[in-house]
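Please open the structure in your viewer and keep the selection panel at hand. The tour goes from one selection to the next and says at each stop what is there.

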6 protein chains.
Amino acid sequence: MEFKYILVTKPSDYVAHVELNRPNKLNAFIPQLWIELGQAFTQLSTDAEVRAIVLSGAGERAFTTGLDVVSAAEYSEVMANLPDTARRAAYMRRHILEMQASLNAVERCEKPVICVLHGLSLGLAVDLACCADVRLCSSDTRFAVKEVDIGLAADLGSLARLPKLVANHSWVYEVSLTAREFNATEAQAVGFVSHVLPNKAAALAYGLDMAAQIASKSPVAVQGTKELLHHGRDHPIAESLKYTAVWNAAAVQSDDVQSALMSGLNKTKPHFAKL
Amino acid sequence: MEFKYILVTKPSDYVAHVELNRPNKLNAFIPQLWIELGQAFTQLSTDAEVRAIVLSGAGERAFTTGLDVVSAAEYSEVMANLPDTARRAAYMRRHILEMQASLNAVERCEKPVICVLHGLSLGLAVDLACCADVRLCSSDTRFAVKEVDIGLAADLGSLARLPKLVANHSWVYEVSLTAREFNATEAQAVGFVSHVLPNKAAALAYGLDMAAQIASKSPVAVQGTKELLHHGRDHPIAESLKYTAVWNAAAVQSDDVQSALMSGLNKTKPHFAKL
Amino acid sequence: MEFKYILVTKPSDYVAHVELNRPNKLNAFIPQLWIELGQAFTQLSTDAEVRAIVLSGAGERAFTTGLDVVSAAEYSEVMANLPDTARRAAYMRRHILEMQASLNAVERCEKPVICVLHGLSLGLAVDLACCADVRLCSSDTRFAVKEVDIGLAADLGSLARLPKLVANHSWVYEVSLTAREFNATEAQAVGFVSHVLPNKAAALAYGLDMAAQIASKSPVAVQGTKELLHHGRDHPIAESLKYTAVWNAAAVQSDDVQSALMSGLNKTKPHFAKL
Amino acid sequence: MEFKYILVTKPSDYVAHVELNRPNKLNAFIPQLWIELGQAFTQLSTDAEVRAIVLSGAGERAFTTGLDVVSAAEYSEVMANLPDTARRAAYMRRHILEMQASLNAVERCEKPVICVLHGLSLGLAVDLACCADVRLCSSDTRFAVKEVDIGLAADLGSLARLPKLVANHSWVYEVSLTAREFNATEAQAVGFVSHVLPNKAAALAYGLDMAAQIASKSPVAVQGTKELLHHGRDHPIAESLKYTAVWNAAAVQSDDVQSALMSGLNKTKPHFAKL
Amino acid sequence: MEFKYILVTKPSDYVAHVELNRPNKLNAFIPQLWIELGQAFTQLSTDAEVRAIVLSGAGERAFTTGLDVVSAAEYSEVMANLPDTARRAAYMRRHILEMQASLNAVERCEKPVICVLHGLSLGLAVDLACCADVRLCSSDTRFAVKEVDIGLAADLGSLARLPKLVANHSWVYEVSLTAREFNATEAQAVGFVSHVLPNKAAALAYGLDMAAQIASKSPVAVQGTKELLHHGRDHPIAESLKYTAVWNAAAVQSDDVQSALMSGLNKTKPHFAKL
Amino acid sequence: MEFKYILVTKPSDYVAHVELNRPNKLNAFIPQLWIELGQAFTQLSTDAEVRAIVLSGAGERAFTTGLDVVSAAEYSEVMANLPDTARRAAYMRRHILEMQASLNAVERCEKPVICVLHGLSLGLAVDLACCADVRLCSSDTRFAVKEVDIGLAADLGSLARLPKLVANHSWVYEVSLTAREFNATEAQAVGFVSHVLPNKAAALAYGLDMAAQIASKSPVAVQGTKELLHHGRDHPIAESLKYTAVWNAAAVQSDDVQSALMSGLNKTKPHFAKL
């Protein structure tokens with residue numbers, strides 16, 4: 001996979017590292033970056049060489065500062081040329097759905113995604129992090145659900161996902177309505193991230209290590225676990241139990257169970273076929 | 001707006017302060033208070049002069065101690081005169097739905113509501129606080145989901161809302177099943193409130209300041225954020241993303257975006273048209 | 001109720017204590033234990049002599065270590081004799097649904113269930129604990145969502161219930177995807193348990209005391225509270241409010257309200273009729 | 001109840017007849033008519049003297065031809081004075097929700113509503129008829145989901161309700177997308193109305209007779225039946241069964257069961273207490 | 001399977017015939033019949049010798065006339081001895097849920113159920129028929145949703161299921177609110193039954209023949225089809241498509257596909273392994 | 001748009017005609033046809049030159065006979081090389097989801113789709129027709145939900161969509177469980193198609209004429225109508241009303257309303273801007 005603004009590397013067996021790679025622009029999003037992000041995760045989703053993914057931002061200063069202002073200006077110009085409000089709204093709706101689709105590719109990726117945040121992590125940074133399965137950050141991370149400050153309600157997923165991911169609704173509403181910054185300590189206290197590391201390098205190392213651990217497990221078990229947790233989050237319990245039974249009726253019929261049991265007894269490293 | 005048991009003031013630009021105002025009765029609810037509470041929030045919902053609301057209880061001793069016993073006695077008398085169980089149940093169902101509707105007016109109010117609790121905050125106090133967007137309290141607050149102690153399951157919203165608002169289901173079930181009191185520290189630890197202040201005055205000041213901050217932002221952005229967070233809480237993610245795209249297709253076409261951007265560059269205070 | 005692997009005792013008025021009782025096998029589950037667990041909770045659900053239940057594991061070393069390997073081997077043999085994948089999947093689906101049904105009996109039990117965990121609490125231990133209303137543990141408890149390590153996605157409810165019960169989705173995904181152990185402190189920090197006690201005896205005493213408190217309340221109020229919290233967890237708020245009004249339209253017409261009020265005034269212990 | 005554009009009469013015991021009463025304007029809707037329609041059905045919902053309702057349009061020519069054009073022009077003027085698209089959209093959204101709320105009052109009315117259509121029954125006529133429980137018409141009725149012809153998608157409920165009420169989705173989409181008229185025969189063939197009568201007088205007589213029959217039954221049974229059918233339409237079966245059990249747990253404890261049984265045996269007319 | 005009031009026979013290969021067998025009492029339901037009905041269908045659900053089921057009523061006069069009045073009297077007596085409304089409601093709720101559970105066993109039976117109605121088919125007859133997959137009747141069948149006439153809303157499933165099964169909501173509300181009888185022709189016109197035969201014998205023969213046809217097909221295909229149609233009825237399309245893909249991922253891996261294809265080419269009768 | 005097995009033409013203003021174009025193979029589906037079908041409808045969805053679409057099958061003998069057997073054989077070969085059941089199931093699940101995605105492109109196409117069926121219309125033909133908005137057919141059409149006959153439950157949408165689209169569930173289950181053929185008359189009687197024409201040419205002419213009518217209307221109104229009917233089909237009424245209000249808040253602000261009104265008054269043909 002070769003991209004211009006997304007860098008995909010393979011730091012260890014079955015682990016992919018995806019970086020937002022426009023560091024001199026603080027990884028601000030332009031149209032090409034949106035497209036590449038969606039493509040990368042769509043491909044990784046069924047890439048049998050990958051079993052766990054780390055997502056981070058290149059450079060020292062920012063995970064991402066959100067939408068590039070140049071990019072926003074372009075859309076405005078298109079809008080200005082449309083004949084009426086109904087057609088401008090249709091254009092804008094399609095455009096928002098496209099951007100959401102890029103982020104959904106992260107959430108729907110069949111392989112677990114660990115997001116490592118650092119530095120400026122504003123607006124779209126939170127939208128994107130909400131699509132990952134695990135969130136880690138460095139202690140210098142500066143978070144904000146920033147959109148209210150530019151006259152908008154966030155529309156790329158933070159408001160849809162935060163009330164489900166995080167403990168404390170009073171806090172979720174507070175940071176979303178005031179657009180105030182919050183730091184790593186606060187992010188961990190409310191359960192938005194599960195670990196804070198001293199700096200970006202440490203956070204990335206921690207994330208890559210967790211990815212390597214996950215990648216060493218049965219991919220049938222790991223990918224099923226992600227799918228079923230996603231289902232559990234969005235469905236009543238009775239629904240999820242039924243779906244789980246149908247899912248595992250086939251998934252338990254793998255060679256991995258035997259491999260895992262034997263290697264557990266023999267203290268060897270199990271081998272699992274591709275998925 | 002003139003009410004008898006509800007006091008509405010305007011402490012700063014675009015901020016309304018709503019007080020339960022029966023302090024000599026510890027703000028216990030009687031039918032007239034129910035009616036006025038619903039009316040006040042229904043009116044504030046579309047009052048273009050208001051962009052954020054603080055809700056608190058008058059007096060030093062209590063936010064509210066719940067339903068006034070006198071009031072409960074009146075309902076019993078009506079019930080006693082009905083001919084059979086089916087008709088008493090129909091009467092009671094309509095009556096519960098009416099009280100719920102008053103509280104729903106707080107939740108559905110298009111403007112954000114910050115609830116500031118203090119002192120005795122029992123039973124109905126929790127039902128009411130669950131309808132606000134942000135919850136703050138003073139350190140002396142004494143909370144309880146008290147209904148089990150009077151032979152009832154809480155029916156005004158605590159049991160419907162707490163499992164969604166708060167982190168820790170084990171704790172939610174525990175306090176709801178035992179009716180035991182919990183204090184401000186515990187309320188913050190489990191995420192029921194997002195800040196604890198030393199006393200009522202400090203809590204109210206903090207709440208009014210937060211309201212002022214919110215009121216200084218674009219009302220299009222703020223009201224959209226509340227609506228979309230509410231939607232996110234009650235729908236699967238895919239549903240909310242779609243709704244968000246349709247909502248923002250029109251909402252992003254405001255003058256507020258330009259005002260917000262320009263005042264950000266010029267370090268001036270933006271002006272936003274009414275909503 | 002007489003069972004072989006489940007021990008049911010009555011430690012105090014209206015309190016039942018249910019123990020997984022295969023301590024020499026670390027309470028690992030075999031088919032007979034599954035069956036008895038479901039039967040016990042189905043009977044307790046409508047046993048008018050019981051108003052609160054404590055669930056724990058016999059012996060010092062484990063709440064439970066999960067599925068007995070002998071048991072798993074038996075299923076494999078049945079599977080091997082089936083003619084094709086479709087039929088093996090149908091067999092396995094029915095089998096998973098049966099095991100889920102046993103655990104659902106705990107969740108659906110009309111009486112509150114307090115789960116007290118200690119020692120090894122692996123795999124199925126988490127599935128089972130998720131079905132209780134309140135979770136307590138001793139400080140030596142060693143938890144793990146262990147299934148990924150044996151090549152499986154957990155299919156007995158942890159993945160369906162954890163995203164709803166616990167604050168911190170990043171943590172939920174992390175422990176489910178890595179299968180790593182977590183201890184009592186971590187379990188409390190994320191809100192999986194609401195109290196940690198120094199050892200099994202203390203945890204059990206705490207649980208039995210909480211059960212006794214709940215059992216001293218109106219059973220109409222307590223059982224209604226459990227039902228409505230369950231409904232709140234799995235439905236949109238508007239749905240639950242409506243259901244609540246219909247439920248309480250009959251439930252408030254009990255003698256318990258009067259008994260509770262009078263005993264509150266007279267400082268006496270109220271008496272409540274059976275339910 | 002005294003209204004200007006709504007006429008409410010009591011043609012027989014416990015039966016109310018509600019007429020859209022602007023016949024010289026073909027019962028076209030103006031703001032005052034909207035308001036009165038909502039008020040009338042809200043009051044009838046809990047009026048113990050009413051057990052069944054017939055809804056029809058005054059005059060020979062039309063049930064209703066929809067929104068009065070004068071009325072539409074007024075809204076346009078308000079819109080023109082608003083500063084930006086976001087605020088115009090907010091105004092319009094609130095306005096649509098208000099009109100929907102008037103129609104919802106028909107659907108939510110606790111008493112059954114039989115809608116009798118005749119003559120011109122265009123646009124809003126279909127929206128309104130969809131809110132009734134039973135639909136009858138005269139053979140001269142001219143129906144159309146007319147909105148597409150004036151550049152709009154219907155927004156007062158036809159598109160939300162028709163796919164649920166009517167058999168034939170291919171037909172629903174066809175008439176909604178083409179805005180073509182359909183007649184009484186076609187309306188009956190697809191199941192939109194259950195009976196066609198030769199003319200308005202006959203249709204009204206049929207409807208009033210059906211209302212009288214319903215009004216002679218137990219109001220507990222009738223109002224419960226409407227509530228549970230509404231629930232069944234909008235929920236999965238398992239949900240509705242559970243709700244039904246809770247509903248009837250109180251409703252079956254009426255004197256009506258005894259009265260109905262006795263009068264059945266004695267061939268007398270039962271008497272039922274008010275509801 | 002030996003029952004007292006339910007007769008189960010095997011008229012042809014892989015076909016079971018279940019009869020309500022209290023013909024001298026017009027197959028009215030007493031507690032033992034409820035219990036046996038649930039047991040019969042629960043056992044047939046996983047009986048590998050059965051692939052399709054016909055359900056009918058013994059005797060010439062009735063499919064069933066509903067709840068036996070003797071039975072209803074017994075419940076009343078229990079109710080009268082309970083101390084308050086809340087406890088009577090709890091008793092009644094549990095009782096309704098038990099009766100619903102017996103009928104649900106028909107709906108949840110993994111094998112298709114063809115219901116053949118004839119003669120008196122009142123009240124419970126409609127509830128029960130709604131749980132079958134296919135409905136046939138003889139031309140003399142007299143149907144009614146009869147409950148309103150005895151002062152009750154139907155609570156055993158008709159009101160939950162009819163709005164989903166039948167085309168014409170206006171008709172569904174009409175017959176449910178008036179309790180009037182409808183005949184076979186009307187039942188077919190609105191889509192409640194799919195075929196009307198001249199008499200009971202012909203209807204039964206038609207049903208048994210259809211069952212034999214279904215029983216000659218792949219049981220993997222047939223049972224999957226029933227499961228997926230049930231899912232489609234109760235879920236949004238996107239949900240059902242996803243569930244379908246997971247279900248068939250295992251189910252298509254059967255020997256039946258090859259058997260079916262080969263026997264299609266060779267014009268022979270395929271053999272399918274048990275399920 | 002140039003495709004190999006899909007032919008797209010523009011028979012009149014703003015109307016596209018999409019043909020399955022493998023007539024010598026009875027339009028049986030091979031992988032390339034799947035891909036092209038999805039691409040064609042995805043492109044047409046936002047093609048401003050298209051406002052209504054007719055979908056039919058080339059040749060005289062068949063709309064389509066379903067999956068090409070050659071194609072099925074290829075998948076079998078891939079399956080055979082996978083190491084275990086879990087991995088074969090994962091492969092198959094992804095494959096089914098891909099095929100469903102092609103059909104979903106028809107359903108999600110923003111422009112209305114009129115499906116014209118003729119001749120052999122088996123299996124996949126029904127799945128595909130269910131994705132269209134309107135269904136027409138010639139009198140010689142031979143329909144079947146054929147999958148059970150080849151040992152499969154239909155997995156491309158018929159079982160998810162038929163219970164929603166068609167009146168008569170008894171019939172839906174019957175034809176799905178028996179795989180028997182049904183003809184045009186029966187298809188119209190149960191509401192699967194809304195019109196039957198004497199032959200393919202007449203059916204196509206009728207469909208193209210209906211498309212032309214739709215294409216002459218406001219595209220804002222038409223596309224909104226399709227979107228809102230789809231929403232109504234899959235959501236509770238209250239949900240759809242809210243969504244409708246948000247949707248139309250922008251959509252009513254079009255120039256089309258004025259154009260439609262003026263051309264109505266002036267009896268001229270309105271002009272609508274592209275969408």
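**Stop one: a helix in chain F**

In this predicted model, begin by selecting helix α8 of chain F and colouring its buried residues, which are F:Lys200, F:Ala203, F:Leu204, F:Gly207, F:Met210, F:Ala211, F:Ile214 and F:Ala215. Now turn the view until you look down the axis of α8(F): the buried residues fall within an arc of 140°, so they line one face of the helix. The helix covers residues 200–215 of chain F, and because each of its 16 residues is reckoned at 1.5 Å, with the expected span taken as 1.5 Å times one less than the number of residues, it should span 22 Å, which agrees with the 22 Å between its end C-alpha atoms.

**Stop two: chains B and F**

Next, select chain B together with chain F, since the two can be superposed with an RMSD of 0.0 Å by a turn of 180° and a shift of 0.0 Å along the axis. The two copies are thus related as by a two-fold rotation axis. The same surface serves both copies, as 100% of the contact residues of chain B recur in chain F. To find the axis, select B:Ala250, which comes closest to it among the residues of chain B, with its C-alpha at 2.9 Å.

**Stop three: the domains of chain A**

Finally, move to chain A and colour residues 6–215 as domain 1 and residues 219–266 as domain 2, following the domain assignment. The C-alpha centres of these two domains of chain A lie 27 Å apart. Where they meet, seven residues of domain 1 are in contact with five residues of domain 2, and the side of domain 1 that touches domain 2 has two nonpolar, no polar and five charged residues.

How values were computed: Residues numbered from 1 in each chain as written. Chains lettered and ligands numbered in written order. Predicted model: local features only at pLDDT ≥ 70, side-chain atom pairs only at ≥ 80, totals over all residues. Least-squares fit on C-alpha atoms with pLDDT ≥ 70 in both. Contact = placed C-beta atoms within 7 Å. Domains from an automatic or database assignment. Nonpolar A, V, L, I, M, F, W, Y, C, P; charged D, E, K, R; others polar. Helix = DSSP H or I, 4+ residues; strand = E, 2+ residues; numbered from the N terminus. Buried ≥ 20, exposed ≤ 12 C-beta atoms within 10 Å, placed from the backbone. Arc of directions from axis to C-beta.
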